[in-house]
Amino acid sequence: MKEFIERTLVIIKPDGVKRNLSGEIISRFEKTGLKIVGLKMIWIDKDFAKKHYPESLIPVLTEKTFLDYDSMNVKVNEPREKVGKGAYEDLIRYISEGPVIAMVLEGVHAVEIVRKLVGTTSPHKSPPGTIRGDFTHLSMGYATYRKIGGRNLIHASGTKEEAKKEISLWFKESELHSYKGVHDEHIL
């Protein structure tokens, strides 16, 4: 049974902290039976932000931004590379503009469950009932157009491999805890 138990990283970004949504967001994860095994508030600098979001992310940001532009019929005269680099710089500035809450959640299929609860990266495409769908509506294209970074409240690891890498970046092993929760008797 232990092979189904996963850990994943979640970061409540500066806009989520500033908007006093941290408790509501954390509560949604706990209500599904996910267990918090690590939690801290930290104000990261741009160097750390670049470790979390490496420059290799630029092509992905570029593609997502242009998909949003296309869906909004926005015509951009700048080269794709410049737009993608700008989106990346906005993201780094945004994630380091205020404190964040980083947490490690544990449970059966934790990565997949968290991704469903969070919603899509571009909040305007997230359905009601998801964290992004309920609390924000900006598109990544709009955020890039305004040069404000993707104000989408939250980061969640996309895969089990990504989760392991991100958890080791944000948390020391001594900051992660194992304990029996009330939900464990129903799943272990």
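**Nonpolar cores**

The largest nonpolar core of this predicted model has 22 residues. Leu9, Val104, Trp170 and Phe171 have the most contacts inside this core. At least two core residues come from each of β1 (5-12), α3 (46-52), α4 (58-71), α5 (80-95), β3 (100-108) and α9 (160-170). Helix α5 gives the most, with 6 residues.

Phe171 is in contact with Leu9 and Val104, and also with Gly38, Leu39, Lys40, Ala102, Met103 and Leu176, once neighbours within four places in sequence are left aside. Apart from the largest core lies another, of 21 residues. Leu21, Leu34, Leu105 and Ala156 are among its members.

**A buried arginine**

Arg132 lies in helix α7 (residues 131-135). Arg132 is buried, yet has no salt bridge. Asp15 is the nearest side chain of opposite charge, 8.2 Å away. That exceeds the 4 Å limit for a salt bridge. Not counting residues up to four places away in sequence, Arg132 touches Val118, Gly119, Thr120, Thr121, Pro123, Ser126, Asn152, Ile154 and His155.

**The largest pocket**

His155 also belongs to the lining of the largest pocket. About 650 Å³ of space lies in this pocket. Its lining has 31 residues, and Tyr53, Leu57, Lys64, His155 and Glu162 lie nearest the centre. Elements that each supply at least two lining residues are α3, α4, α5, α8 (140-146), β4 (154-156) and α9.

**Salt bridges**

The whole structure holds 14 salt bridges. Three of them are listed here.

| Acidic residue | Basic residue | N to O distance |
|---|---|---|
| Glu97 | Lys18 | 3.5 Å |
| Glu97 | Arg151 | 3.3 Å |
| Glu55 | Lys85 | 3.8 Å |

Glu97 meets Lys18 in a salt bridge. Glu97 lies in the loop between α5 and β3 and Lys18 in helix α1 (residues 14-18), so this pair ties together parts 79 residues apart in sequence. Glu97 is partly exposed, with a relative accessible area of 29%.

Glu97 also meets Arg151. Arg151 sits in the loop between α8 and β4, so this pair ties together parts 54 residues apart in sequence.

Glu55 forms a salt bridge with Lys85. Glu55 is in the loop between α3 and α4 and Lys85 is in helix α5, and the pair links distant parts of the chain, 30 residues apart. Both ends are partly exposed: Glu55 at 47% relative accessibility, Lys85 at 33%.

Elsewhere, Arg7, Lys35 and Glu106 are joined into one network by salt bridges that share partners.

Methods:
Residues numbered from 1 in each chain as written. Predicted model: local features only at pLDDT ≥ 70, side-chain atom pairs only at ≥ 80, totals over all residues. Heavy atoms only, no water. Core = buried A, V, L, I, M, F, W, Y, C linked by side-chain atoms within 4.5 Å. Buried < 20%, exposed > 50% of the residue type's maximum accessible area, 1.4 Å probe, protein only. Helix = DSSP H or I, 4+ residues; strand = E, 2+ residues; numbered from the N terminus. Contact = heavy atoms within 4.5 Å. Lys, Arg positive; Asp, Glu negative; His and termini not counted. 1 Å grid on protein atoms, 1.4 Å probe; cavity = no way out; pocket = protein on both sides within 12 Å on 5 of 7 lines; lining within 4 Å. Points joined across faces, edges and corners; volume = space filled by probe spheres on them.
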